[in-house]
Amino acid sequence: MLDIKAIREDAAAIKERLATRGGDAHLLIDEVLACDESRRSAETDKQSLQSQRKQLSKQIGALMGQGKADEAESIKEEVRLIGEKISALDEAGETAGSRQTELLMSIPNLPHADCPVGADEDANPEIRVWGEKPEIAEPLDHVALAEKHGLISFDDGTRLTGSGYVVYRGKGARLERALIQFLLNTQTEEHGYEEVNVPHIIKRECMEGTGQLPKFEDDMYGLEDNTLFLAPTAEVPVTNLYRDTLLKNEDLPIKLTAYTPCFRREAGSAGRDNRGIIRMHQFDKVELVQIVQPEKSLELLEELTGHAEAILQKLGLHYRVIELCTGDIGFSSAKTYDIEVWSPGQNKFLEVSSCSNFGDYQARRMKLRYKDEDGKNQICHTLNGSGTALPRLYVALIEQYQQPDGSILIPEVLAPYFGADKIG
């Protein structure tokens with residue numbers, strides 16, 4: 001969440017930057033300040049009354065020692081009334097504090113000063129392009145290729161669960177498994193990430209810690225009256241491994257990677273491209289997470305983005321990198337690069353990774369701190385990125401590597417994991 005001290009110091013600047021996101025979150029800042037003032041005023045008044053009560057209690061003791069019980073009784077009544085006022089101030093302060101926290105949890109992160117200003121995805125600048133579009137005459141899309149080679153059963157997924165679910169079969173299942181292992185090995189062996197295997201069911205406070213809640217609750221699969229949730233991304237359990245933690249300066253940067261299935265309702269996605277496995281309610285993903293010192297977070301975002309790009313380069317897949325503008329950036333992010341891989345069958349780029357710097361936004365929610373070189377407690381910065389999401393990587397791979405005879409080549413780096421150099 002945003003730093004209340006920063007809001008107090010320059011509310012106008014905070015509101016101005018929030019307004020570049022669009023929406024009306026900036027309009028909540030004045031109410032945050034009003035709650036903050038009420039909470040602090042209640043605390044100040046409470047401390048004053050507590051001081052008065054302490055002095056009066058001393059007087060009562062002195063009078064009782066002098067045998068003046070009647071005089072002491074009148075002061076006892078005054079002390080009782082002060083106690084009632086203190087209780088009322090406690091309640092008022094707690095109400096104001098709860099409302100302030102509720103507001104801060106609903107306000108998105110501030111876009112970084114370097115974040116391009118724009119209203120929507122049309123304002124996202126292209127940063128770089130890698131490789132060339134493969135020349136394929138009349139390319140088949142992944143649905144046709146999957147059906148041709150028996151890789152994916154859309155009917156089985158619907159029969160078992162419903163729309164938005166699939167069953168990978170035979171070589172299709174083997175290819176999915178090969179990609180997961182290839183992604184994890186690349187990040188751990190070449191880029192220095194520690195692999196972790198985390199639960200796929202997560203506490204509500206962990207979802208709040210990384211910003212999925214309360215904003216996106218309708219998109220999440222909740223359990224046990226929404227006290228637990230199916231993981232929407234490994235970002236949530238992996239980053240929360242260090243919630244309520246005070247790290248040492250030498251512990252940083254922490255670099256973690258994990259594979260998880262991901263579960264999302266995708267509420268509000270009607271009308272978007274849902275063909276095949278491009279948008280599903282359950283999908284596989286390998287995630288990259290870094291916990292870093294604030295002064296290094298921008299530099300390490302570039303590094304992390306490069307780690308995600310390395311996957312596509314090793315696989316020889318044509319892609320581009322765009323930077324998200326203020327009107328398109330995610331709720332918790334301050335700066336984001338999206339990596340989009342080329343889909344010949346769709347004749348367009350598909351997002352396969354989103355790499356973000358969250359600044360101290362998530363860490364403040366999670367109470368994730370470190371002790372700096374001067375021995376002072378500081379809020380960490382958190383980064384993450386998909387390294388990568390499997391469905392669209394799968395789509396791009398089989399579409400870009402389809403051959404005129406209908407077969408699908410397997411990239412050389414992936415062949416040892418898959419056990420063959422082609423399908424068909």
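**How do you know? A tour of the model**

Guide: Let's start with some rings: F216, F331 and Y361 are linked into a cluster by ring pairs. Keep in mind that this is a predicted model. The structure holds six aromatic pairs.

Visitor: What makes the pair of W130 and Y319 stacked?

Guide: Two values decide it. Ring centres have to lie within 6.5 Å to pair, and planes under 30 degrees apart count as stacked. For W130 and Y319 the centres are 5.8 Å apart and the planes sit at 15°, so the pair is stacked. The two partners come from distant parts of the chain: W130 is in strand β1 and Y319 in strand β11, 189 residues apart.

Visitor: Why is Y319 called buried, and what is W130 called?

Guide: The cut-off for buried is under 20% relative accessible area, and exposed starts over 50%. Y319 comes in at 0%, so buried it is. W130 has 31%, so it falls in between and counts as partly exposed.

Visitor: What makes the pair of W342 and F349 edge-to-face?

Guide: Here the planes meet at 70°, with 5.0 Å from centre to centre. Planes over 60 degrees apart count as edge-to-face, so that's the label this pair gets. Both W342 and F349 are buried.

Visitor: How do you know that the charged end of K133 sits over the ring of W342?

Guide: Part of the test is that the charge must be within 6 Å of the ring centre. The charged end of K133 is 4.1 Å from the centre of the W342 ring, and it does sit over that ring. R174 does something of the kind with F418, lying over the ring face at 5.1 Å from the centre.

Visitor: Back to that strand with Y319. Why is β11 called largely enclosed?

Guide: Count its buried residues. Strand β11 covers residues 319-323, and four of those five are buried, so the rest of the structure largely encloses it.

Visitor: How do you know that β11 and β12 pair?

Guide: Two strands pair if there are at least two bridges between them. β11 and β12 (residues 335-343) have five, in the antiparallel sense, so they pass. Within that pairing, R320 stands opposite E340 in β12. β11 also has β1 (residues 126-130) as an antiparallel partner, through four bridges. One of the matches there is E126 with I322.

Visitor: What makes β5 and β6 edge strands?

Guide: They belong to an open sheet of three strands, in the order β5-β7-β6, with antiparallel pairing. β5 (201-203) and β6 (222-223) each pair on one side only, and that puts them at the edges. β5 joins β7 (residues 228-230) through three bridges, and I202 has F229 as its bridge partner in β7.

Visitor: Why is T233 called buried?

Guide: Its relative accessibility is 4%, under the 20% cut-off, so T233 counts as buried. T233 lies in the loop between β7 and α9 (235-239). Leaving out neighbours within four places in sequence, T233 is in contact with residues including Q212, R264 and E287.

Visitor: And what about R264: why is it called partly exposed?

Guide: R264 has a relative accessible area of 26%, over the buried limit but short of the exposed one, so it lands in the middle class. You'll find R264 in the loop between β9 (254-263) and β10 (282-292). T233 and R264 both appear in the UniProt "binding site" annotation, from an unreviewed entry, along with A234, E235, E287, N384 and S386.

Visitor: What makes helix α12 mostly covered?

Guide: Eleven of its eleven residues, 390-400, are buried. The buried residues of α12 include charged-letter ones such as R392 and E399, as well as L393 and Y394.

Visitor: Which residues have the most contacts inside the largest nonpolar core?

Guide: That core has 55 residues, and the ones with the most contacts in it are I152, L175, L179, I277, L317, Y394 and L414. L175, for example, touches Y394, L414 and F418 among others, not counting residues up to four places away in sequence. Apart from that core lies another of 17 residues, among them I7, I14, L18 and L104. In soluble globular proteins, nonpolar side chains tend to be buried together.

Definitions and conventions. Residues are numbered from 1 along each chain as its sequence is written. This is a predicted model: local features need pLDDT of at least 70, side-chain atom pairs count only at pLDDT 80 or more; totals for chains, interfaces and linings use all residues. Side-chain values use heavy atoms; hydrogens and water are left out. Buried means under 20% relative accessible area, exposed over 50%, partly exposed in between (1.4 Å probe, protein chains only). Helices (H or I, at least four residues) and strands (E, at least two) are DSSP runs, numbered from the N terminus. A charge sits over a ring if NZ of Lys or CZ of Arg is within 6 Å of the ring centre and within 35 degrees of the ring normal. A nonpolar core is a set of buried Ala, Val, Leu, Ile, Met, Phe, Trp, Tyr and Cys residues joined through side-chain atoms within 4.5 Å. Contact means heavy atoms within 4.5 Å. UniProt positions are given in the numbering used here, feature names are shortened, and annotations may be inferred rather than shown by experiment.
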